[in-house]
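Here is a short tour of a protein model for your bench notes. Please have the structure open as you read.

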Amino acid sequence: MKKNFLVGFWNYVPAGKIDAEESASDWADLGMGLAMSCECDGEKDRAYILQNLDAAAKRGIKVIVCDSRTRWKNYVAKGAETFEKEVKTAAADYAAHPAFYAFHVGDEPGKEDWAHMLAAAKIVRRHARPFVNFFPFFEEDFIERVGVTHGGYEEKLSKAVQEIGLDMLCYDCYTQCYEHSREEGIDSYFYNLNRFYSAAKRGGADMWTTLLSVGHWSFRVPSEDDLRWQISTAAAHGAKGLLWFYVYGRLLESSYRQSPFDQYYQKTATFGALARQNKLFRDHFAEKLSNAELLDVWHVGKSYGGTPLYTPGCIEGLSFTRKYEGPMIVSRFQEEGGGTFLLFVNNSQNDIQRIEGYYGGQAFGNWFAPGQMVIVQK
């Protein structure tokens with residue numbers, strides 16, 4: 001069965017706050033094939049959500065519906081029997097709609113939430129596709145918040161995928177956009193990609209990751225080079241879905257700034273940059289990558305996150321040189337028909353690169369912008 005490489009975003013806007021038709025048009029302009037709906041309060045917001053789903057369907061956009069009835073917090077508040085009745089009603093409202101993709105069950109379950117998340121997601125699974133977003137791997141107070149070590153967490157994630165029947169294993173990590181400690185942040189970013197890919201593969205699901213499109217806290221406002229770099233590096237490490245955090249500014253909140261829409265629902269410079277990079281990925285890479293299986297991934301020059309370091313001979317028939325000494329990524333993918341191809345990525349967030357080489361006896365050479373990807377095939 002053919003899959004689509006889905007690119008979407010997080011949406012925290014209350015239902016009715018933005019125009020149902022116009023917002024779907026904005027999503028299409030951003031190059032999104034997936035959206036999270038506005039936050040809806042059950043039956044009260046049904047008409048608005050259906051109007052929004054209709055508008056999304058006209059533009060070929062799938063929607064993760066954020067309905068209070070399907071959240072694990074509702075399961076905790078009302079118990080299994082009432083929760084399932086409400087999930088059934090929500091599924092009757094939306095699940096047959098052509099734009100429906102999944103119900104959002106909850107975000108970042110910690111050790112106190114885990115059993116509730118599992119129970120709620122399994123109930124949702126009986127009636128529609130569930131979506132859950134998980135904590136990333138991190139260092140400070142990880143065991144206190146998650147309840148297990150890193151090794152235990154990977155096992156816990158893969159078992160949750162199997163127990164629930166999740167189609168995707170999704171998480172969020174933004175350390176790649178640290179303003180300070182940048183190398184440390186990049187290392188953590190790739191560590192998460194590698195661990196989540198491993199957990200997803202063991203569980204039989206696709207790996208999705210949430211990337212950064214808004215500056216806040218210790219994270220800088222992502223430049224267009226940062227946006228390109230995030231897309232390319234995630235794809236090179238086997239991601240099959242990307243979500244952007246976030247699109248709508250909504251509030252004057254902490255140090256949040258320069259999301260694609262500001263607090264007045266006006267487009268910022270990030271809108272144009274994100275739209276351009278989403279569309280370039282969609283039009284030139286997504287289809288080929290969506291149904292290809294990652295076989296191997298190496299880092300060139302410098303390894304991050306435990307990724308193997310490429311040395312000559314790792315890929316038979318490949319030889320290449322870098323004009324500059326910056327880091328690169330080389331991934332090897334297998335297509336459904338059995339053929340293989342390579343994906344090269346400039347792993348620098350701010351410097352150009354040029355490579356020249358031979359693969360299977362054929363010469364290739366490319367200039368790379370920061371974070372740019374290029375497919376090389378025999």
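The notes below cover a sheet, the aromatic residues, some backbone details and the nonpolar cores.

The model you are looking at is predicted. A good place to begin is the four-stranded open sheet, which has the order β9-β11-β12-β15. From there, the aromatic residues are worth a visit, since a search of the whole structure finds 43 aromatic pairs.

**The sheet and its strands**

- Pairing in the four-stranded sheet is antiparallel. The edges are formed by β9 (293-300) and β15, each of which pairs on one side only. On average, neighbouring strands of this sheet are turned by 20 degrees against each other, direction ignored.
- Helix α8 packs on this sheet and touches β9, β11, β12 and β15. The direction of α8 makes about 145 degrees with that of β12.
- Strand β11 (residues 328-334) runs antiparallel to β12, and seven bridges join the two. One of the residues to look at here is Gln 334, whose bridge partner in β12 is Thr 340.
- A hairpin is formed by β11 and β12, with five residues between them. In the turn, Gly 338 has a positive phi of about 105 degrees.
- Strand β12 is also joined to β15 (residues 373-376), by four bridges, and these two strands run antiparallel. Leu 343 has Ile 375 of β15 as its bridge partner, while Phe 344 stands opposite Val 374 in β15.
- How much of β12 (residues 340-346) is covered? Six of its seven residues are buried, so to speak of the strand as mostly covered is fair.

**Aromatic pairs**

- Phe 131 and Trp 208 form a tilted pair, at 6.3 Å centre to centre and with 45 degrees between the planes. Because Phe 131 lies in strand β5 (residues 130-134) and Trp 208 in strand β7 (residues 206-212), the pair ties together parts that are 77 residues apart in sequence. Both Phe 131 and Trp 208 are buried.
- Phe 344 and Phe 364 have ring centres 5.5 Å apart and planes at 45 degrees, so this pair is tilted. Phe 344 belongs to strand β12 and Phe 364 to strand β14 (residues 362-368), so the pair ties together parts 20 residues apart in sequence.
- Are these two phenylalanines buried or exposed? Phe 344 is buried, with a relative accessible area of 0%, and Phe 364 is buried at 13%.

**An aromatic cluster and two arginines**

- One aromatic cluster is made up of Trp 10, Tyr 12, Tyr 101, Phe 131, Tyr 174, Tyr 178, Trp 208, Trp 217, Phe 219, Phe 245, Tyr 246 and Tyr 256.
- Over the ring of Tyr 101 sits the charged end of Arg 129, 4.1 Å from the ring centre.
- Over the ring of Tyr 246 sits the charged end of Arg 250, 5.4 Å from the ring centre.

**Backbone details in the loops**

- Where is Tyr 246 placed? Tyr 246 is in the loop between β8 (241-245) and α9 (269-290). The peptide bond from Phe 245 to Tyr 246 is cis, with omega near -20 degrees.
- Gln 258 is in the loop between β8 and α9. Its phi is near 60 degrees, a positive value in a residue other than glycine. Gln 258 has a relative accessible area of 39% and is partly exposed.
- Trp 217 is not a glycine, yet has a positive phi of about 50 degrees. You will find Trp 217 in the loop between β7 and α8 (224-236). With 59% relative accessibility, Trp 217 counts as exposed.

**Nonpolar cores**

- In soluble globular proteins, nonpolar side chains tend to be buried together.
- The largest nonpolar core here has 100 residues. The residues with the most contacts inside this core are Phe 134, Tyr 153, Phe 281 and Leu 289.
- What does Phe 281 touch, not counting residues up to four places away in sequence? The list is Phe 5, Val 7, Ile 231, Ala 235, Ala 286, Leu 289 and Met 373.
- Another core, of 21 residues, lies apart from the largest one. Among its residues are Ile 64, Cys 66, Tyr 174 and Tyr 256.

Note on methods: Residues are numbered from 1 along each chain as its sequence is written. This is a predicted model: local features need pLDDT of at least 70, side-chain atom pairs count only at pLDDT 80 or more; totals for chains, interfaces and linings use all residues. Side-chain values use heavy atoms; hydrogens and water are left out. Buried means under 20% relative accessible area, exposed over 50%, partly exposed in between (1.4 Å probe, protein chains only). Two strands pair if DSSP finds at least two bridges between them. Rings of Phe, Tyr and Trp (its six-membered ring) pair if their centres lie within 6.5 Å; planes under 30 degrees apart count as stacked, over 60 as edge-to-face and the rest as tilted. A charge sits over a ring if NZ of Lys or CZ of Arg is within 6 Å of the ring centre and within 35 degrees of the ring normal. A nonpolar core is a set of buried Ala, Val, Leu, Ile, Met, Phe, Trp, Tyr and Cys residues joined through side-chain atoms within 4.5 Å. Contact means heavy atoms within 4.5 Å. Axes are lines fitted to C-alpha atoms, for helices over the stretch in contact, and angles run from 0 to 180 degrees between N-to-C directions.
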